[in-house]
Amino acid sequence: MKPNPTLNAIHNSLWMRSAMAAGLMIIGLTLINATKIHRFTPLSYSVFLFPYLIYFLLLYLGYRTALGKQRHRWLGYGLIILAVLTVYTVVKFYFYGLVPQFMDGFSAPWLPAHKPVLISKIIGGLLFFVAIYLTDYLTWERYYTGLKFRQAEMQIKNISNVQLLSGHFLGNVYDLLKPRSKRIRSRSLVFFQYVSNKIANPTVLVPLAEEWAYTKILISYSSNRNFKIEGEELMDKKLLNRSVPTLTIMTWIENAVKYSADDPHEWIEVKWIKVSEGIQLQIHNRVAAADVKKGTGKGLELVNRLFESMENQLIELEYTVVYQEYFIVKLTFKNQ
């Protein structure tokens with residue numbers, strides 16, 4: 001169940017989405033004015049539509065930006081507020097000041113009695129816009145996100161358990177996300193697509209910054225365990241540019257989740273600390289004694305092999321079992 005290229009192109013293109021929404025707005029506005037359409041010429045109707053179209057696109061841009069990347073949301077909200085605050089003044093000037101200078105008889109001279117009528121029309125127009133935005137959000141977004149989420153589910157089911165991250169584990173993460181809000185599920189699609197792409201080529205090296213960013217996303221999705229992250233301030237630019245095999249840190253997180261107790265009082269600790277050789281990542285979790293030996297399963301065996309080839313890059317991997325109860329991963333980035 002794979003969205004075709006046309007659907008992907010429409011979903012990812014702001015201009016295509018806005019053009020489709022604007023077309024829907026123009027059709028709706030024409031139907032609303034069907035009983036008066038005979039009074040217009042093609043030119044005068046275009047002039048009539050112009051402010052509706054401009055404000056619709058401005059508000060649509062604000063709406064899409066507000067739903068987009070976190071750092072750009074303030075811009076989206078700013079556009080929406082600007083449009084709402086200026087609409088009365090601009091529309092009044094356009095219909096009663098600007099257009100009559102070029103088109104005789106387009107509108108009557110402004111009178112105070114026109115104000116409540118104009119305000120009522122503006123409010124009606126804005127509510128009409130909101131109805132279209134809601135249609136876009138609740139139908140298109142829901143349909144496309146649902147389609148992509150089902151596609152991710154199929155990809156997860158096809159992942160072999162001998163890979164770095166097991167399909168069973170990703171299936172559990174998927175199940176945890178399934179009842180969450182549409183926005184969270186939509187964002188998780190990027191994560192699942194990233195993992196699927198990397199699983200196909202597990203020997204790829206990626207910057208630590210990339211691996212760590214996706215590891216934190218995985219941790220945020222593993223809401224059935226308690227995590228404690230410490231020492232991120234030690235991760236300077238030089239360290240973040242170091243290379244690691246893809247999905248390896250996430251594999252340790254999977255291992256910790258899989259073998260740690262489902263106990264609200266237990267924590268999986270992920271710590272960056274300074275050691276004499278450099279900076280060390282430690283992943284520390286408590287496991288049942290019977291499960292300690294299982295902590296080096298197929299996924300970790302593959303991780304070991306990947307790191308064995310990186311000794312010349314001054315990276316050292318060590319597993320420690322303490323008191324037959326705690327399993328600790330130690331990944332040391334030695335000073336270069």
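The protein chain in this predicted model exposes about 18600 Å² of surface, and carbon and sulfur atoms supply 61% of that area. What lies beneath the surface can be counted too: buried residues make up 41% of the 336 residues in the chain. As you turn the model, you can look for eleven helices and seven strands, which together are its secondary structure. The chain also brings parts of itself together over long stretches of sequence. Among contacts with a separation of 6 or more, 71% are between residues 24 or more positions apart.

Let's start with the sheet. Five strands build an open sheet, and reading across it you meet them in the order β2-β4-β5-β7-β6, with mixed pairing. At the edges sit β2 (227–230) and β6 (315–322), each of which pairs on one side only. From one strand to the next, the twist averages 15°.

Now walk across the sheet, one pair of strands at a time. Strand β4 covers residues 268–275 and strand β5 covers residues 278–286; they pair in the antiparallel sense over seven bridges. To find one of these bridges, pick out Lys271, whose bridge partner in β5 is Gln282. Two helices pack on this sheet. Helix α8 (residues 208–221) touches β2, β4 and β7 (326–334), and the direction of the helix makes about 155° with that of β4. Helix α10 (residues 248–259) touches β2, β4, β5, β6 and β7, and its direction makes about 25° with that of β5.

Moving on, β5 and β7 pair in the antiparallel sense over nine bridges. Here Arg286 has Tyr326 of β7 as its bridge partner. The pairing of β6 and β7 is antiparallel as well, with eight bridges, and in β7 the bridge partner of Thr320 is Ile328. These two strands, β6 and β7, form a hairpin with three residues between them, where Tyr323 takes a positive phi near 55°.

A positive phi turns up elsewhere too. Leu247, a residue other than glycine, has a phi near 70°. You will find Leu247 in the loop between β3 (243–245) and α10. Is Leu247 buried or exposed? Its relative accessibility is 0%, so Leu247 counts as buried.

Next, look at the aromatic rings. The structure holds 23 aromatic pairs. One of them joins Phe56 and Phe129 in an edge-to-face arrangement, with 5.1 Å centre to centre and 80° between the planes. This pair links distant parts of the chain: Phe56 belongs to helix α3 (residues 42–66) and Phe129 to helix α5 (residues 114–157), 73 residues apart. Why does Phe56 count as buried? The cut-off for that label is under 20% relative accessible area. Phe56 counts as buried because its relative accessibility is 0%. Phe129 is buried as well, with a relative accessible area of 3%.

A further edge-to-face pair is made by Phe191 and Tyr221, at 5.6 Å centre to centre and with 80° between the planes. This one also links distant parts of the chain, with Phe191 in helix α7 (residues 182–199) and Tyr221 in helix α8, 30 residues apart. Both Phe191 and Tyr221 are buried. Helix α8 may sound familiar: it is one of the helices that pack on the sheet, where it touches β2, β4 and β7.

Rings can also be linked into a cluster. Ring pairs connect Phe40, Tyr45, Phe48, Phe50, Tyr52, Tyr94, Phe95 and Phe106 in this way. Phe106 leads us to another residue, Ser44, which touches Met103 and Phe106, leaving aside residues up to four places away in sequence. Ser44 lies in helix α3, the helix that also holds Phe56. With 9% relative accessibility, Ser44 counts as buried.

Finally, some rings have a charged side chain over the face. Which residue lies over the face of Tyr63? Arg64 does, at 5.9 Å from the ring centre. Likewise, Lys228 lies over the face of Trp267, at 5.5 Å from the ring centre. Lys228 takes us back to the sheet where our walk began, for edge strand β2 covers 227–230.

Definitions and conventions
Residues are numbered from 1 along each chain as its sequence is written. Side-chain values use heavy atoms; hydrogens and water are left out. Two strands pair if DSSP finds at least two bridges between them. Helices (H or I, at least four residues) and strands (E, at least two) are DSSP runs, numbered from the N terminus. Axes are lines fitted to C-alpha atoms, for helices over the stretch in contact, and angles run from 0 to 180 degrees between N-to-C directions. Contact means heavy atoms within 4.5 Å. Rings of Phe, Tyr and Trp (its six-membered ring) pair if their centres lie within 6.5 Å; planes under 30 degrees apart count as stacked, over 60 as edge-to-face and the rest as tilted. Buried means under 20% relative accessible area, exposed over 50%, partly exposed in between (1.4 Å probe, protein chains only). A charge sits over a ring if NZ of Lys or CZ of Arg is within 6 Å of the ring centre and within 35 degrees of the ring normal. Accessible areas come from the Shrake-Rupley method with a 1.4 Å probe; for residues, only the protein chains shown count as cover.
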